[in-house]
Amino acid sequence: DEARNEVDNFIKPRNNFISGIAAHQDRLYILMYNPGPSGHCVIVYDLLLAGKLCQSWNIDDRESGFYRVFTVSGDSVIIANRPKKEILLFTLTGVLMRTVKCELLSKSGVYLTQLGPNSILVSNGSIQAKFFKVNLESGDVEWQSEGGTIANPTGITAYCRDYSLVTTEPTNQTQLWIINHVTG
């Protein structure tokens with residue numbers, strides 16, 4: 001809480017898998033997979049009110065729990081559905097705004113980060129990762145890397161206006177890479 005005291009039962013455990021977690025505007029967003037009939041859902045908690053549940057919504061998809069990745073930025077919750085090769089854009093309250101086809105999505109090793117209101121950077125694959133920038137309005141891939149230079153990415157985040165940071169662990173040693181959003 002604000003006095004730095006631990007809050008008991010902040011988030012009650014469920015029999016689910018957490019596929020992703022993000023903090024944004026005093027809210028905690030969790031992408032969760034339930035192996036039962038409900039499939040994936042996004043659950044939102046208020047961080048200032050001792051973890052009070054604000055809202056949740058289901059994602060109309062019941063495939064495996066580890067095939068989703070998401071980010072929260074600006075006024076959007078962005079979820080990559082790798083098996084269907086599409087990117088889903090929701091409002092912060094769970095209203096589906098649009099779906100963008102993205103044929104370059106692989107089924108393994110995908111991370112993404114939002115680059116301003118209209119594009120995302122995607123790390124795709126693991127051993128010889130490729131990176132590409134997707135325009136969320138048109139669905140066009142603005143550029144893509146050849147791949148192979150950055151191996152075993154473990155995370156990606158936007159860093160200032162023109163760059164993203166990528167962490168890797170190629171040989172038990174963490175490395176940090178910087179990617180230019182304009183040139184790749």
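This note sets out points on the predicted model shown above, covering confidence, strand pairing and the largest pocket.

1. Confidence. The structure is a predicted model, and its chain has a mean pLDDT of 81. Of the residues in the chain, 83% reach 70 or more. Confidence is highest in strand β8 (residues 96-101), at 93, and lowest in β5, at a mean of 81. The reader should note that β5 also appears in point 5, as one of the elements that line the largest pocket.

2. The hairpin of β1 and β2. Strands β1 and β2 run antiparallel and are joined by seven bridges. At this pairing, His 24 stands opposite Arg 27 in β2. Two residues lie between the strands of the hairpin. Gln 25 takes a positive phi near 50° there.

3. Strand β2 and its second partner. Strand β2 (residues 27-34) also pairs with strand β3 (residues 39-46). The two run antiparallel, with eight bridges between them. Within this pairing, Tyr 29 has Val 44 in β3 as its bridge partner. Is β2 enclosed by the rest of the structure or not, and why? Six of its eight residues are buried, so the strand is largely enclosed by the rest of the structure.

4. The sheet of β13, β14 and β15. These three strands form an open sheet in the order β13-β14-β15, with antiparallel pairing. Strands β13 and β15 (175-180) are the edge strands, each pairing on one side only. From one strand to the next, the twist averages 25°. Six bridges connect β13 to strand β14 (residues 163-168) in the antiparallel sense. Tyr 159 has Tyr 163 in β14 as its bridge partner.

5. The largest pocket. This pocket holds about 210 Å³ of space. Two or more residues of its lining come from each of β1 (17-24), β5 (68-73), β9 (111-114) and β13 (153-159). The lining comprises 14 residues. Those that lie nearest the centre are Ile 21, Phe 70, Thr 71, Leu 112 and Ile 156.

6. Character of the lining. Which classes of residue make up the lining of the largest pocket? Eight are nonpolar and six are polar, while no charged residue is present.

7. Links between the points. Strand β1 pairs with β2 in the hairpin, and β1 also gives residues to the lining of the largest pocket. Likewise, β13 is an edge strand of the open sheet, and β13 contributes to that lining as well.

Key. Residues numbered from 1 in each chain as written. Predicted model: local features only at pLDDT ≥ 70, side-chain atom pairs only at ≥ 80, totals over all residues. Heavy atoms only, no water. 1 Å grid on protein atoms, 1.4 Å probe; cavity = no way out; pocket = protein on both sides within 12 Å on 5 of 7 lines; lining within 4 Å. Points joined across faces, edges and corners; volume = space filled by probe spheres on them. Helix = DSSP H or I, 4+ residues; strand = E, 2+ residues; numbered from the N terminus. Nonpolar A, V, L, I, M, F, W, Y, C, P; charged D, E, K, R; others polar. Pairing = 2+ DSSP bridges. Axes fitted to C-alpha atoms, helices over the stretch in contact; angles between N-to-C directions. pLDDT = per-residue confidence, 0-100. Buried < 20%, exposed > 50% of the residue type's maximum accessible area, 1.4 Å probe, protein only.
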